[in-house]
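Good morning, colleagues. I would like to present one structure today, beginning with its charged side chains and then turning to its ligand. Please take a moment with the sequence and the model.

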Amino acid sequence: MRTLSEHLGAERPKIATILGSSLGDVAAAAGAPRSIAYGEIAGFPVPKVSGHAGELIVGTLGGRQVLFLRGRAHAYENGNAAVMRPAISALAESGVTTLIVTNAAGSLDPKLRPGSIMLIEDHINFSGMNPLIGETGDQGFVGMTEAYDPALRMRFLKAAKQEKIALAQGVYVWFSGPSFETPAEIRMVRQWGGDAVGMSTVPEVILARRFGLRVAALSIITNLGAGIEGAAPSHDETKREGAKAAADMTRLLESFMREAGDV
Ligand code: HPA
């Protein structure tokens with residue numbers, strides 16, 4: 001099996017983006033796309049959940065070379081929070097310096113409606129898991145202050161303004177899943193300062209920081225959290241609403257890439 005670097009050859013994009021639930025179609029906007037199945041790249045996990053393709057696209061967006069990870073593996077699939085470790089370490093090893101993580105999430109704020117996009121400014125890890133448990137030596141003591149790079153966030157806010165996309169900012173709370181939250185859990189994390197909930201992203205961000213990558217992350221709000229205005233989230237709803245917002249996400253990413261300067 002070939003490593004990511006071997007697959008890439010002379011092409012060495014500096015930016016990679018993980019496309020979450022039903023956002024895989026964002027990669028359709030890639031120019032000159034080349035597809036590599038995860039199964040052919042050493043260490044890349046083959047996702048088992050519908051809505052996640054398991055395919056790496058090398059292509060251009062906004063005039064810049066980008067790696068699109070269409071689909072991710074989740075900690076809830078087999079309890080391994082570090083399931084994306086080999087893939088993220090391979091990205092860093094290949095020369096990627098910036099990781100943009102996307103996901104579908106439930107809103108904790110009735111004002112943050114389904115269909116909108118939230119730029120993650122910080123997170124709460126409510127899963128009880130950490131992908132760095134078991135790291136040797138002192139490698140695990142990764143600082144998480146400003147994990148969501150302030151300069152990259154500024155660029156996303158600028159890109160959103162240009163595209164006339166309303167971009168909220170907020171705190172993402174990681175629940176392990178795969179069951180959805182209870183209404184009581186949703187009320188609790190709202191009081192704690194959370195703005196959105198989801199079942200991914202946080203372990204990838206921790207791993208990316210471990211490997212020295214700059215990180216930005218975006219949530220597509222697919223639903224209100226359980227119990228808010230009677231909401232009862234489901235995976236079907238996540239996929240349906242995620243796909244609807246994919247066009248806005250594509251425009252936002254394209255504008256970001258055009259503006260991304262020296263990253
Ligand atoms: N909870 C957890 N994960 C999610 C949700 C939710 O309400 N919506 C989309 N992903």
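**Salt bridges and the ligand site**

Asp 149 is buried, with a relative accessible area of 14%; here buried means under 20%, exposed over 50%, and partly exposed in between, with a 1.4 Å probe and protein chains only. Before I continue, note that this is a predicted model, in which local features need pLDDT of at least 70 and side-chain atom pairs count only at pLDDT 80 or more, while totals for chains, interfaces and linings use all residues. Residues are numbered from 1 along each chain as its sequence is written, and side-chain values use heavy atoms, with hydrogens and water left out.

Which residue pairs with Asp 149 in a salt bridge? The partner is Arg 214, at an N to O distance of 3.1 Å. By salt bridge I mean a side-chain nitrogen of Lys or Arg within 4 Å of a carboxyl oxygen of Asp or Glu. Arg 214 belongs to strand β9 (residues 214–224) and Asp 149 to the loop between β6 and α4 (150–163), so the pair ties together parts 65 residues apart in sequence. Helices (H or I, at least four residues) and strands (E, at least two) are DSSP runs, numbered from the N terminus. Unlike buried Asp 149, Arg 214 is partly exposed, at 27% relative accessibility.

Two further pairs deserve attention. Glu 163 and Arg 251 form a salt bridge at 3.3 Å, N to O. Glu 163 sits in helix α4 and Arg 251 in helix α7 (residues 235–259), so this bridge ties together parts that are 88 residues apart in sequence. Glu 163 is buried at 19%, whereas Arg 251 is partly exposed at 33%.

In the other pair, Arg 190 bridges to Asp 109, with the closest N and O atoms 3.8 Å apart. Arg 190 lies in helix α5 (residues 183–191) and Asp 109 in the loop between β5 (98–107) and β6 (117–125), so parts 81 residues apart in sequence are tied together. Arg 190 is partly exposed, with 34% relative accessibility, and Asp 109 is buried, at 15%.

In addition, Asp 25, Glu 55 and Arg 70 are linked in a network of salt bridges. Over the whole structure, the search finds 16 salt bridges.

I turn now to the ligand. The residues around the ligand, that is, with a heavy atom within 4 Å of it, include Phe 180, Glu 181, Met 199, Pro 233 and Thr 238. Which element gives the largest share of this shell? That element is β5, with 3 residues.

Where do nitrogen atoms of the ligand meet N or O atoms of the protein? A side-chain N or O atom of Asn 223 is 2.7 Å from a ligand nitrogen. A backbone N or O atom of Ala 104 lies 3.3 Å from a nitrogen atom of the ligand, and for a polar side-chain atom of Thr 222 the distance to a ligand nitrogen is 3.5 Å. On its own, the ligand has 260 Å² of accessible area, and the protein covers 96% of that; such areas come from the Shrake-Rupley method with a 1.4 Å probe.

Finally, let me mention strand β7 (residues 167–174), where Gln 169 is placed. Gln 169 is partly exposed, at 33% relative accessibility. Its C-alpha atom is separated by 9.2 Å from that of Leu 157, a residue 12 positions away along the chain.

Conventions: Polar contact = N/O pair within 3.5 Å; in protein donor to acceptor, adjacent residues only side chain to side chain.
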